[in-house]
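Work through the exercises below with the sequence and the structure side by side, and try each task before reading its solution.

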Amino acid sequence: MLRPKPPTMPQPTGHLTPPTVLQPTTITPAAPVPPPAPIVPAPSRPTIQLTPGTALALVGGGTAVVLVVGAVLVSLLLAVAVTGVSVAVVAVVLRLLVNDLHKGR
């Protein structure tokens, strides 16, 4: 059967140079840093002023959205009702056909 073969480490090739040794450096303290300036908060959002025309447009838009969503929901409900009635009629017709077959007519 299949036997896994462990990978072998490749041998280094070419001339290897020893790593360079860095000499330690002296650390000199920096000049004192002045404290940061206080952060000024961003101005708050501007207030929205509704004019009579804007309010009327918002009411009209909201009414349109409600009417469209209502029409979609009513049409979905009507589709479900029509489907249910048609399935019921098909069930009655099939029941009548099966009863006629069992009577031997």
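Helices and strands are here DSSP runs, a helix having at least four residues and a strand at least two. The model is a predicted one.

**Exercise 1.** Determine how many helices and strands the chain has, and decide whether the chain is spread out or a compact globule.

*Solution.* Begin with the count, which gives one helix and zero strands in the chain. Next, compare the radius of gyration, 42 Å, with the 13 Å that the globule rule gives for 105 residues; the value for the chain is well over that of the rule, so the chain is more spread out than a compact globule. Then consider the box that the C-alpha atoms fill along the principal axes, which is roughly 110 × 80 × 20 Å. Finally, turn to the surface: 0% of the 105 residues count as buried, and of the about 11,000 Å² that the chain exposes, carbon and sulfur atoms supply 74%.

**Exercise 2.** Classify Val68 and Val72 by their exposure, and place both in a surface patch.

*Solution.* First locate the residues: Val72 lies in helix α1, which covers residues 52–103, and Val68 is also in helix α1. Val68 has a relative accessible area of 52%, and because exposed means over 50%, Val68 is exposed. Val72, with a relative accessible area of 44%, is partly exposed. Both belong to a nonpolar surface patch that Val65, Val68, Val69, Val72, Leu73 and Leu76 form, with about 550 Å² of accessible area together.

Key. Residues numbered from 1 in each chain as written. Predicted model: local features only at pLDDT ≥ 70, side-chain atom pairs only at ≥ 80, totals over all residues. Heavy atoms only, no water. Patch = residues over 30% accessible without salt bridge, like charges linked within 9 Å, V, L, I, M, F, W, Y side chains within 5 Å. Areas by Shrake-Rupley, 256 points an atom, 1.4 Å probe, with all protein chains shown as cover. Salt bridge = Lys/Arg side-chain N within 4 Å of Asp/Glu carboxyl O. Buried < 20%, exposed > 50% of the residue type's maximum accessible area, 1.4 Å probe, protein only. Rg over C-alpha atoms; globule rule 2.2 N^0.38 Å.
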